[in-house]
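Let's take a walk through this chain together, beginning at a single residue and widening the view step by step. Have the coordinates open as you read.

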Amino acid sequence: MRRQVLFISVLFVSSVVGQVSYSIPEEMVKGSLVGNIAHDLGLDVKRLKSGKARIYTGDSAEYIELNKERGVLLIKEAIDRESLCGETTPCALHFQIIMESPMEMFRVTIEITDINDNAPGFTNNEMRFEISESAVIGSKFVLEEAIDLDIGLNGLQSYSLKPTDSFALKLEDQADGSKKVEMVLQKPLDREKQEHISLLLAAIDGGEPQMSGTLQIYVTVLDVNDNAPTFTKPVYKAKIIENSAKGTSVTQVNASDEDKGTNGEVSYVITKSKRRFSELFQIDRKSGEITLVGEIDYEKTKHFQIDIEAVDNGGLSDSSKVIVDIIDMNDNKPTINIVSKADLILEDSPPNTVISMLSVNDPDSENNGHVGCHINDNIPFKIESSSNGFYSLVTETALDREMASQYNISVTCSDDGVPSLSNIITLTLQISDVNDNPPVFEKTSYEAYILENNTPGLSIFTVKARDADWKQNARISYILEDSLVNGVPVSSYVSVSADSGVIHAAYSFDYEQIKDFQFCVKAQDGGSPPLSSNVTVKILIQDQNDNAPQVLYPVQSGGSLVAEMVPRSADVGYLVTKVVAVDVDSGQNAWLSYKLQKAADRALFEVGLQNGEIRTIRQVTDKDVVKQRITVVVEDNGQPSRSAIVNVNVAVADSFPEVLSEFTDFTHEKEYNDNLTFFLVLALAVVSFLFITCLVVIISVKIYRWRESRLYHSSLPVIPYYPPRYSDTLGSGTLPHVYNYEVCRTTDSRKSDCKFGRAGSQNILIMDPSMTGTMQRIQGERNILDEPDSPIEVRMF
């Protein structure tokens, strides 16, 4: 009859946080309450839920389950203490409660107490003895020991033998806690009176109610064998290494019998007991040698106690015991179990962050079972022993995903046996990216070149930045920083592609307006918050030859013709005049050269290639014509080159009348025209009209140039030139003093007159073709260059 006692008690809640113990009886029904684990551990039930609390038992079967809703431990499967622990006391379940976020571990021990659910029993239903009638009083006969799987008071407590008139029961305590049961002869046997004796051996436990088992004993009385065998030792000791091969000799026992003949022949047998030693050991019936016939494992049993019986042919016997100690070998590798593991961790996790918890066990003994664990080198992790057999894998230093985005952590656990055995597992850990790296440009600054007159939208240059982060944190956008260039937003000049970093021109640049400018481009990643960096980009405008030279001197005023006077006494190298020109381009596009394109007498004049000076190359003679026309080409050095043409009129003469006779085209008929007064009035009107027109043009040109200078923020370079009053230091070819002339001509009457004035030391003759027979000299105080609207005979290419 089985009895169940529902008895639950919390034996002890450790003062050390994280450990609790309970005691429960075996055979509790499924769903029975073990204890309020949340209360006993001082935890909130919500913490069990949020921490995903679970029970970790390793490789053991799970008899207990955790109800996170109530915070209690319940019976998951009925527990049979005898199946779970056998004779081991106390019998306990050990497991851990694991929680995450953060990781925590609590050790739980549940002691399983015994109930009287097993009755004592014998392996056999009966035993038979053949005892000689000459057996002396006090002869002992070993009886089979009863087996009771219960322990303590519920286990086997006593034996009783009935009837007791011939035999008495003798019990002897053994070292392993069992009792040796012997039947002792109390009075001589008489086969003639009683040949067969029947006895009943009862085994009784101490439970409530008591349970018992019986063994029937049959004794046959034999004749005349009055000496029983006797062992040489009461106890034999032997040692054997675990995993020894079958057939290995363990030890040899020896017993002697003083009888002779068949009554003195002794045979050896292993006494039947609750352990089936016959499956592991075998004894030679004649020699008493014990050999190994099965497999022994130190981790299962550390020693054996074998009962040996020596029996002669008369049925007399003696008993002895053999204690076999098992020597441990290092035959078990450490076992590594992953209790909890994180597959992903942020790179900014602080040191000592737990990433995994491991359970390590080695069933070997002493050094063979002493285990140490380590991980592979050169990784920012370390392994720490948190409690007996448990290890924590934690971060040792700060992580950087940009250096390593994944780690394969090899955990090697080795015992101290000889040779050492080890086991290894590999954990893969992914490092999650954090936006901790700003974009970095390939250069600290950039310079780019673009030809002027470009097409708007033209791609100028590409800036490139890199971000060591990952995915969205490494997605870079390029932004043009707001700034002003010459008072204008930089976005009016350039634009930046947000995705590619390509810089485009926003409009057509003009080198003459702007030669270079700089701005900042920001590279910003897609992290939260975003990180950014700036770089300076300088754009240099490259000049194109898009401007032709401009001739500043010589100039013409109004509709008059300007001529340079060269005296016939001029020597070789006489400076006639200087062509002054400028080019608003730059570099070689503005390098000017002067060439004589056309002249009435090429043997008389030459032009300086670099300075534009027109000089005589031979002595002027009387044969040289008075009117000379020189065409000079001014070219820049661009590709292709551009040019301008200027015509210079030269008068070769020593006096003004000589010049007048050559440069006037008056006919004799016109000189004597009766209507000269009419023409003079008409000429006066024309001159007045031209004067007013020139005045308007001059003002317009002045305003235009003023506006142009304000628009382009630049002006023509000031190039020195020789003014009309330029004179040779030696005074050659010019009049050294100021002269005033008044020349009057008339055709039939003195109706008209012309006045001529001159100043300075350079002779310049201005011919007005609109006035018949009249020649006027430019006043000395006026500089020809001060008349911007003076006409110059220039052709542009």
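Start with Ile-217, which counts as buried at 0% relative accessibility. Please keep in mind throughout that this is a predicted model. Ile-217 belongs to strand 15, which covers residues 212-222. Which residues does Ile-217 touch, leaving aside those up to four places away in sequence? The list is Met-127, Phe-129, Leu-143, Leu-161, Met-183, Ile-197, Ser-198, Leu-199 and Leu-201. With Ser-198 there is also a distance to look at: the two C-alpha atoms lie 5.8 Å apart in space, while 19 residues separate the pair in sequence.

From here you can step to a sheet by way of Met-183, one of the residues that Ile-217 touches. Strand 13 spans residues 179-185, and this strand takes part in an open sheet of three strands with the order 10-13-12 and antiparallel pairing. Strand 10 (140-142) and strand 12 (167-173) are at the edges; each has a single partner strand, so one side of each has no neighbour in the sheet. From one strand to the next, the twist averages 35°. As general background, the strands of a sheet pair through backbone hydrogen bonds, in either a parallel or an antiparallel way. Between strand 12 and strand 13, the antiparallel pairing runs over seven bridges. If you would like a landmark for the register, find Glu-172, which stands opposite Lys-180 in strand 13.

A second sheet makes a useful companion. This one is open too, with four strands in the order 17-24-23-20, and its pairing is mixed. Its edge strands are strand 17 (235-241) and strand 20 (266-270), each of which pairs on one side only. Neighbouring strands here are turned against each other by 25° on average, direction ignored. In this sheet, strand 23 (residues 303-312) and strand 24 (residues 317-327) pair in the antiparallel sense over nine bridges. Gln-305 stands opposite Ile-323 in strand 24.

Next, look at Gln-252, a residue of strand 18 (residues 249-252). Is Gln-252 buried or partly exposed? Its relative accessible area is 47%, so Gln-252 is partly exposed. Not counting residues up to four places away in sequence, Gln-252 touches Tyr-236, Ser-287, Gly-288 and Glu-289. With Ser-287 the contact is a specific one, as the side chain of Gln-252 reaches the backbone oxygen of Ser-287 at 2.8 Å. Ala-238 is another reference point: 14 residues away along the chain, its C-alpha atom is separated from that of Gln-252 by 9.4 Å.

Now turn to the charged side chains. How many salt bridges does a search of the whole structure find? The search finds 16. In one of them, the side chains of Arg-47 and Glu-104 meet with an N to O distance of 2.7 Å. This pair links distant parts of the chain, since Arg-47 sits in helix 2 (residues 45-50) and Glu-104 in strand 8 (residues 104-113), 57 residues apart. Arg-47 is buried, with a relative accessible area of 16%, whereas Glu-104 counts as partly exposed at 30%.

Another salt bridge joins the side chains of Arg-81 and Glu-82, at 3.4 Å from N to O. Both partners are buried: Arg-81 has 0% relative accessibility, and Glu-82 has 10%. Lys-382 and Glu-384 form a further salt bridge, with their closest N and O atoms 3.3 Å apart. Here Lys-382 is partly exposed at 26% relative accessibility, and Glu-384 is partly exposed at 34%. Elsewhere, salt bridges that share partners join Arg-81, Glu-82 and Asp-114 into one network.

Finally, zoom out to the whole chain. Its secondary structure comes to seven helices and 56 strands. Of its 797 residues, 43% are buried. Among contacts between residues at least 6 apart in sequence, 67% join residues at least 24 apart. The chain exposes about 41,900 Å², and carbon and sulfur atoms supply 51% of that area.

Technical notes
Residues numbered from 1 in each chain as written. Predicted model: local features only at pLDDT ≥ 70, side-chain atom pairs only at ≥ 80, totals over all residues. Heavy atoms only, no water. Pairing = 2+ DSSP bridges. Helix = DSSP H or I, 4+ residues; strand = E, 2+ residues; numbered from the N terminus. Axes fitted to C-alpha atoms, helices over the stretch in contact; angles between N-to-C directions. Buried < 20%, exposed > 50% of the residue type's maximum accessible area, 1.4 Å probe, protein only. Contact = heavy atoms within 4.5 Å. Areas by Shrake-Rupley, 256 points an atom, 1.4 Å probe, with all protein chains shown as cover. Salt bridge = Lys/Arg side-chain N within 4 Å of Asp/Glu carboxyl O. Polar contact = N/O pair within 3.5 Å; in protein donor to acceptor, adjacent residues only side chain to side chain.
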